[in-house]
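Please work through the following exercises with the sequence and the coordinates at hand. Each task is followed by a worked solution.

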Amino acid sequence: MKFGIIKERKNPPDRRVVFSPQALVALKNQFPQAEIKVESSDIRVFSDDEYQQAGFEVTTDLSDCDVLFGVKEVPVDALIPNKKYFFFSHTIKKQPYNRTLLQAVLAKNIDLYDHETIVDDQYKRLIGFGRYAGIVGAYNGLRGFGLKYELFTIPKAETLSGKEALIAKLKRQILPPIKIVLTGKGKVAMGAKEILDGIKIKEVQPTDFLNKVYSEPVYTQIDVLDYNKRIDGNPSSKSDFYTNPTAYISDFERFSKVADVFMAGHFYGNDAPAILTREMLQAPDCNIRVVADISCDVDGPIACTIRASTIADPFFGYLPSEHKEVPYMHPAAIVVMSVDNLPCELPNDASVGFGEMFLKHVIPAFFTNDRDQLLARAQLTSKGKLTPRFAYLKEYVEGS
């Protein structure tokens with residue numbers, strides 16, 4: 001089996017990679033029979049020299065590789081026919097802007113495996129950059145608070161070396177006794193929690209967060225039943241919420257009345273109720289000053305996320321009274337951070353962590369004849385056709 005690490009070609013440039021040089025060393029040690037080539041890249045966070053020094057061939061030609069690993073979408077003209085590809089295709093939700101990509105994959109007889117579709121036998125995702133989105137998103141949220149209220153100025157995350165450097169910068173700042181509410185319990189939210197815990201912000205229970213006054217910064221981490229309730233007032237449960245999301249309504253307003261900063265790290269499913277509505281934001285007693293929408297669902301459950309922001313320009317202002325964008329220093333503006341590619345700001349950490357997950361969960365399947373069917377579950381296309389799990393994309397591919 002010959003693996004190839006492809007150069008990222010999507011713009012804006014992405015410096016991440018599936019495997020760091022040391023991760024490839026670990027792969028080779030675990031599976032000596034594997035052959036590995038690395039496509040030369042001038043943007044990757046790890047240089048060509050680092051891969052060569054680790055003992056791997058760096059080349060401009062991967063045509064003899066069986067399996068090709070990338071991070072972002074591969075441009076259509078760069079796809080090599082008759083190969084197996086792994087990358088985030090952003091097609092499984094029928095994204096219109098990538099229809100031509102999936103059409104080209106099928107036309108070129110490519111077997112496509114999407115990182116997002118790599119799941120265990122309970123269909124729980126195994127691979128992703130969510131933790132790093134949470135880490136950077138929490139840092140950006142506090143950075144935005146410091147800028148808005150002219151309390152401190154700290155550099156962008158992308159200029160720092162990694163998580164520990166982010167924590168070191170934040171630790172040097174003095175925060176007033178603000179309240180931070182963090183939604184979610186998955187990888188994104190837990191990444192944000194790493195930052196809050198790292199800078200020693202006190203965690204409190206939701207009830208105390210809502211009812212007590214503190215002389216120091218505090219945060220609370222809440223789950224779906226903390227910010228949703230049944231419309232009919234009957235008892236709720238997680239299983240009921242996930243089965244009957246339309247039977248629920250947001251109960252987040254009690255948090256928006258007391259929180260200064262909202263860090264959105266939740267997963268938002270289809271048909272779930274909006275979380276932070278326009279009406280909540282327009283309420284005279286809304287206390288929220290900064291929203292770090294790490295999940296970044298534009299025009300979704302967070303009403304002030306009216307667009308995605310960028311690493312170059314991460315903050316914009318939201319004027320609740322007019323539901324429109326204004327400069328974030330506008331006196332009545334809520335600061336919104338809605339960068340949709342946050343892990344790109346920590347390319348080294350994100351690549352190292354991703355490679356560890358990939359080596360643990362995915363690579364063994366190539367040497368066990370996919371005994372646990374992990375590759376089979378993840379495969380979108382085979383021999384020029386959609387696989388049964390993804391047959392629902394047929395009309396999307398055909399342009400219907």
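The exercises below concern a predicted model and treat strand pairing and the surroundings of one residue.

**Exercise 1.** Determine the strand order of the six-stranded open sheet and identify its edge strands.

*Solution.* Step 1: reading across the sheet gives β3-β2-β1-β4-β5-β6, with parallel pairing. Step 2: β3 (57-59) and β6 (111-114) each pair on one side only and are thus the edge strands. Step 3: on average, neighbouring strands of this sheet are turned by 25 degrees against each other, direction ignored. Step 4: within the sheet, β1 (residues 2-5) is joined to β4 (residues 67-69) by three bridges; I5 has F69 in β4 as its bridge partner.

**Exercise 2.** Establish the order of the eight-stranded open sheet and explain why one side of β8 and of β15 has no neighbour in the sheet.

*Solution.* Step 1: the order is β8-β9-β7-β12-β13-β16-β14-β15, and the pairing is mixed. Step 2: β8 (202-203) and β15 (324-326) each have a single partner strand, so one side of each remains without a neighbour. Step 3: five bridges link β7 (residues 179-183) with β9 (residues 218-222) in the parallel sense, and T183 is set opposite I222 in β9.

**Exercise 3.** Is E39 buried or exposed, and which residues does E39 contact beyond its neighbours within four places in sequence?

*Solution.* Step 1: E39 belongs to strand β2 (residues 35-39). Step 2: its relative accessibility is 8%, and because buried means under 20%, E39 is buried. Step 3: beyond those sequence neighbours, E39 contacts I5, I6, K7, R9, R44, D48, V58, T59, T60 and L62. Step 4: for K7, a polar side-chain atom of E39 lies 2.9 Å from the backbone nitrogen.

Methods
Residues are numbered from 1 along each chain as its sequence is written. This is a predicted model: local features need pLDDT of at least 70, side-chain atom pairs count only at pLDDT 80 or more; totals for chains, interfaces and linings use all residues. Side-chain values use heavy atoms; hydrogens and water are left out. Two strands pair if DSSP finds at least two bridges between them. Helices (H or I, at least four residues) and strands (E, at least two) are DSSP runs, numbered from the N terminus. Axes are lines fitted to C-alpha atoms, for helices over the stretch in contact, and angles run from 0 to 180 degrees between N-to-C directions. Buried means under 20% relative accessible area, exposed over 50%, partly exposed in between (1.4 Å probe, protein chains only). A polar contact is a pair of N or O atoms within 3.5 Å; within protein, one must be able to donate a hydrogen and the other to accept it, and residues adjacent in sequence count only if both atoms are side-chain atoms. Contact means heavy atoms within 4.5 Å.
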